[in-house]
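Student: I have a model open and do not know where to start. Can you show me how to read its features?

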Amino acid sequence: MIGEPETTGDGTIPGDLLVVRSRDELGRALARAPRPLGLVPTMGWLHAGHRSLIARARAECATVAVSIFVNPRQFGDPADLDRYPRAEARDLAICAEEGVDLAWAPAVEDVYPPGFDTQVSVGALSRPLEGAARPGHFDGVTTVVAVLFGLVRPDRAYFGMKDAQQLRVIARMATDLALTTVVPCPTVREPDGLAMSSRNVHLSPAERAAAPVIHRALAAGRARWAAGERDAEAIRAAVRRVVEAEPLARLEYVSLADDATLAELDRTDGPALLSLAARLGSTRLIDNLVLG
Ligand code: AMP
């Protein structure tokens with residue numbers, strides 16, 4: 001606990017959780033926060049995936065901070081930003097339940113004050129896959145995470161393997177700029193295999209019923225690999241076949257890449273990242289598995 005509990009927007013008092021918004025309030029809270037401090041950056045609409053990151057931070061750190069900020073700079077499409085789900089009171093209640101000490105829910109101007117004119121870009125790791133599909137996306141991600149790290153100065157920062165490329169890009173930045181230790185956390189899934197995601201809320205009942213095809217397809221690729229297949233294109237083709245058999249799913253890409261460099265592979269002789277992006281209706285979902 002850092003200080004006196006504050007009331008949230010809806011007037012409830014969530015245990016020992018301190019809720020701050022401005023850079024000044026954040027700075028004052030951090031000045032009295034015991035170390036080590038773990039940061040869990042989120043865009044809100046918290047689910048069991050976020051809870052698992054918080055639980056890991058809680059187990060390892062004296063202070064756990066969660067940021068809740070839907071970062072406009074990482075959305076290429078303004079409509080996608082507008083419809084990103086938001087539920088702050090519920091998110092703060094979840095933070096309180098999970099024993100979070102400090103929730104930072106800034107406004108856009110608190111993160112990007114007037115005159116803000118810096119962009120942080122990671123090189124080769126940010127270019128393929130999601131970087132190619134969503135131009136500018138990772139520059140938005142690394143810029144906001146650099147600001148979060150600069151303001152919070154976490155000893156450790158927790159990121160999900162669900163966003164495999166994001167995790168690698170941020171780990172690269174954190175190492176190169178000597179910012180913090182990045183802790184990778186396993187993907188949390190629904191019982192039917194669908195990776196938890198804030199975006200799942202947009203799926204219609206029929207799309208939700210079809211969505212486990214994403215994990216099923218990746219698992220089919222992994223099964224080929226486990227049976228001894230090392231030809232990368234054969235594994236990608238096995239994944240593609242499963243997704244293409246689902247009429248509600250539209251495949252964007254299937255990748256089998258070197259786990260460290262994210263370069264597409266001809267053969268999988270070392271650790272590899274099997275990943276895909278697909279649309280169900282208007283909802284774009286990504287998922288991955290590591291082979292080896
Ligand atoms: P987001 O709020 O979607 O930006 O995600 C915030 C953090 O939670 C990121 O590090 C994500 O990788 C992580 N995350 C999102 N979904 C999951 C999941 N299903 N399992 C584990 N971590 C997740």
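Tutor: We will take the sheet, then the helices, then the empty space. Keep in mind that this is a predicted model.

Student: In what order do the strands of the open sheet come?

Tutor: Read across the sheet, not along the chain. Here 6 strands line up as β1-β4-β3-β2-β5-β6, and their pairing is parallel.

Student: Why is one side of β1 and of β6 left without a neighbour in the sheet?

Tutor: Both stand at the edges. β1 (18–20) and β6 (181–185) each have a single partner strand, so one side of each has no neighbour there. Neighbouring strands in this sheet are turned by 25° against each other on average, direction ignored.

Student: How many bridges join β5 and β6?

Tutor: Strand β5 (residues 156–160) pairs with β6 in the parallel sense over 5 bridges. Pick out Phe159: its bridge partner in β6 is Pro184.

Student: Which strands does helix α8 lie across?

Tutor: Helix α8 (residues 164–176) lies across β5 and β6, and runs at about 165° to β6. Now look at helix α4 (residues 88–97). It lies across β1, β3 (63–68) and β4 (102–104), at about 165° to β3.

Student: And how do I find empty space?

Tutor: Rolling a probe the size of a water molecule over the atoms shows where empty space is left. In this model the count is 1 cavity of 30 Å³ or more. The largest cavity has a volume of about 50 Å³.

Student: Which element gives the most to the lining of the largest cavity?

Tutor: β9 does, with 3 residues. β9 (283–291) and α10 (213–226) each supply at least two lining residues. By class, the lining has 7 nonpolar, 3 polar and 2 charged residues. Among them are Lys162, His215 and Asp287.

Notes. Residues numbered from 1 in each chain as written. Predicted model: local features only at pLDDT ≥ 70, side-chain atom pairs only at ≥ 80, totals over all residues. Heavy atoms only, no water. Pairing = 2+ DSSP bridges. Helix = DSSP H or I, 4+ residues; strand = E, 2+ residues; numbered from the N terminus. Axes fitted to C-alpha atoms, helices over the stretch in contact; angles between N-to-C directions. Contact = heavy atoms within 4.5 Å. 1 Å grid on protein atoms, 1.4 Å probe; cavity = no way out; pocket = protein on both sides within 12 Å on 5 of 7 lines; lining within 4 Å. Points joined across faces, edges and corners; volume = space filled by probe spheres on them. Nonpolar A, V, L, I, M, F, W, Y, C, P; charged D, E, K, R; others polar.
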